[in-house]
Each structure stands twice: as structure tokens, then as C-alpha cells.
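Open your viewer and keep the selection panel at hand. We will go from one stop to the next, with a note on what to select each time.

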Amino acid sequence: MANAATDDQVKAEGETQPYAPSWLDRVNAWLARLPGPSWAYYLGIWLILVLLQIAALWGEGAYAVGTFLPNHTAIAGLIPFLLALALYLDKKASSALATLRPAMKASDDEYGRLRYQLTTLPARPTLLVSLIGVASIVLLNAALDGFSDFSGLGAFPISRTLIYLMYVGAWWVVAAFLYHTVHQLRTINLIYTRYTQVNLFKMRPLYGLSGLTALTSVSLTAITYGWMVINPELWGDLISMAIVLPITALAFAAFIWPLLGIHRLLEEGKGRLLDECSLRLEAAIAELHRRVDSGGLEGMDDLNKTISSLEIERNLLEGIPTWPWRTETVRLLITALALPLGLWFIQYVLQRLMGP
């Protein structure tokens, strides 16, 4: 993650910010300004959180020295991972918007505002969403008495409190990241529908933002599948899979939903061109009939070429896609989303067939 890119973005947008950046953006901007590669700091945060848990668990005797649960590692890693993922998606969004710029009907000021909006969360809504996320999980677990003996650590108050705080902190970041996803996808839809010039013969600039929605979709499921990998026993649990399936469906919806507006515009543009072609083809055929009926067959070769050309145009127009993505993008997305579920289904069927 290049520090220079973040610094340039801050300088370019700092004078025309439509709103103050969120705590998430401020944390990432601060880490980006530190010397050295940013990834080292995210990795360092994860290691510090893991070591704190190890020190508490082993020091209190909650676990024997050398024993540690992968779940705790995952909870500690979720915080820096989502922070880094948000920054990565923002950089991809900025690059994709630059690719789209030639096809945009936006002034430089509008483009700068949209770029800022696409890559930066508003401060107050992000804070509110994080607070709601933490309050919801705390109240839910309190209602279920989930933290009275958190992970069997009732007799070890330091370890229990530390892991509890990391769990709450993870939900603080998860809530902000989910809002980041919704905010960014809504902005993509806005850019596509209000600030993009539709040209069926210049589709390439549109592909960048659809690639971003695909990356976001895969990221959402990667977190869920990662948890399943850490806890392989969940793959045989129908209740767990009943949760994974809706999450996978929502992830695919996150890919499709921001593109519906531009798909509609492309459909309308394609329909308009097809109508114009059909009108010309109708006129050419009417002229053909007129000449046949009147016996005036002069220039029929040119008329036949005209009709053939219009037929070629119509076939060409009908073959133009109205979804702003590359075929390989959809193929990779479906593979990433469906392959783990397919493997689980095969494993589940084999277990049923070969089990006692």
C-alpha cells in the first residue's frame, strides 16, 4: 500500500471536502503517513493483539503454555484486516473512477467531490453505525448471558475481559466496514446513473467500477468462509450453512445492485438504437416492395446492400451486452462464491451416503 497515493488524495481533496472523514479513514490515513509499508503496521496490530491474549491466557493459567485457539487469532486479526481491506477497496475505487473519467459528464469539481465520496466515509454516520453495532452485540449477548463465562473463562477475569473487549472492538470495526460497503456501493450507483455518458460502443471505461463491486462481494464472503475454515466442524452443521447461504446471496446482490441503474440506461440506449435501425430497415424494405410492385428494378443491388448492412447493424446491436462487466469477472465471481458451497454440498452428500 503506497503512502504517496494516500497523501496525494488527501492534498487533492482536502480543500473541497463535502464532509469530515470518518474515524476509519483517519486511522488509515494516520497509518499511511508512518514511515515504511502500511501493511507492516496492520500486521503489527494483529501480532500485538494476539500477544496480549497469549500473555493473559497463559499468565492467568487459563490455557496451558503453548495452547491457543484459532478463534482468538481470528478475532484479533479481524480488526486490522477490515481496516486494511477498507483502504484497499478505497484505492481500487479511486483507480476505477479515474478509468471511468472519460465517460463521465461531470465537471472537475463534481469529479473531485464524487471521488472523495467514493473513498471516504462521513464522520457522524460512521460513528453512529459503529456505536449501534457495538450496542447491538453487547445487548444481544447480555440477553443471552453470552459473556457471563466468555469462552469458558469465568474464573480468569483478565483474560475474559481482554477477549471481551477485542470481541466488542471487532464488532465496532465490522459495523463501520459494513457501512463502508453500503456507502461505496450507493455511490457507485449514483456515479453510473447520474454522471456517466452511456455509449454502447465504448464500454471499457465502465468495467472498472463493476470490478470493484465484484471485489467487494468476494471480500464479504471471504470473511465468512475464513471463519468456516478456522472452525471446520461448522461445515457439517446445517444451521451454520443456513447462515452462510444468505450471506453468499447478499454478497452476490452487492455485486449486482449498484449496476442495475447503468444496466437500465444501457438497455434504453440499446433499445433506442435498435428502434432506429428497425425504422430504417422498414423503410428500406418498403422501398424494395415499391420497386418490385412498380417493376422499377434499377439500383436493386444498392438497395440489397443497404438492407444487408442494416441487418448486420441490427445483429451487431443485439449482441452488445448491457451489463458493464467483463465475462471473466462474472466467471471468477461465481467461482469464488459457489465453489466452497459446492464442495460443502458434495462433502455433506458423501457423509450421508457413507455414514453409519
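Start by selecting H4 (residues 70-100) and H5 (residues 108-119). Their axes come within 9 Å and cross at roughly 155 degrees, so H4 and H5 are roughly antiparallel to each other. For orientation terms, angles under 35 degrees count as roughly parallel, over 145 as roughly antiparallel, 65 to 115 as roughly perpendicular, and the rest as oblique. The axes themselves are lines fitted to C-alpha atoms, for helices over the stretch in contact, and the angles run from 0 to 180 degrees between N-to-C directions. Look along the pair and you will find that H4 passes H5 in a right-handed crossing; a crossing is right-handed if the near helix is turned clockwise from the far one by less than a right angle, and left-handed if anticlockwise.

A word on what is loaded: this is a predicted model, in which local features need pLDDT of at least 70 and side-chain atom pairs count only at pLDDT 80 or more, while totals for chains, interfaces and linings use all residues. Residues are numbered from 1 along each chain as its sequence is written, and side-chain values use heavy atoms, with hydrogens and water left out.

Now zoom out and color by secondary structure. The protein has 12 helices and zero strands, and along the sequence it follows the pattern α-α-α-α-α-α-α-α-α-α-α-α. Helices (H or I, at least four residues) and strands (E, at least two) are DSSP runs, numbered from the N terminus. Of the 356 residues in the protein, 42% are buried. Here buried means under 20% relative accessible area, exposed over 50%, and partly exposed in between, with a 1.4 Å probe and protein chains only.

Keep H4 selected and add H7 (residues 157-194). These axes also come within 9 Å, but cross at roughly 15 degrees, which makes H4 roughly parallel to H7. H4 passes H7 in a left-handed crossing. Which classes of residue make up the contact of H4 with H7? It has 20 nonpolar, four polar and one charged residues. Ala, Val, Leu, Ile, Met, Phe, Trp, Tyr, Cys and Pro count as nonpolar, Asp, Glu, Lys and Arg as charged, and the others, Gly among them, as polar.

While you are on H4, pick Ile 79. Ile 79 counts as buried because its relative accessibility is 15%. Add Trp 172 and draw a distance: the two are 93 residues apart in sequence and 8.7 Å apart in space, C-alpha to C-alpha.

Two more pairs are worth a distance label. Leu 51 is found in H3 (residues 38-60) and, at 54% relative accessibility, counts as exposed. The C-alpha atoms of Leu 51 and Thr 73 are separated by 9.5 Å, with their places 22 residues apart along the chain. Next, go to Ile 230 in H8 (residues 207-230); at 31% relative accessibility, Ile 230 counts as partly exposed. Ile 230 and Ala 74 are 156 residues apart along the chain, and their C-alpha atoms are separated by 8.1 Å.

Stay on H8 for Thr 221. Is Thr 221 buried or exposed? Thr 221 is buried, with a relative accessible area of 2%. Its C-alpha atom and that of Ile 247, 26 residues away along the chain, are separated by 7.0 Å.

For the last stop, select H10 (residues 260-294) and H11 (residues 300-319). H10 and H11 pack at an angle of about 160 degrees, with their axes 10 Å apart, and are therefore roughly antiparallel to each other. Their crossing is left-handed.

Hide H10 and turn H11 end-on. Met 300, Leu 303, Ile 307, Leu 310 and Leu 317 are buried in H11. Seen down the axis of H11, its buried residues fall within an arc of 115 degrees, so they line one face of the helix; the arc is that of the directions from the helix axis to the C-beta atoms. On the other side of H11, Asp 302, Ile 312, Asn 315, Leu 316 and Gly 319 are exposed.

Conventions:
Expected span 1.5 Å × (residues − 1).
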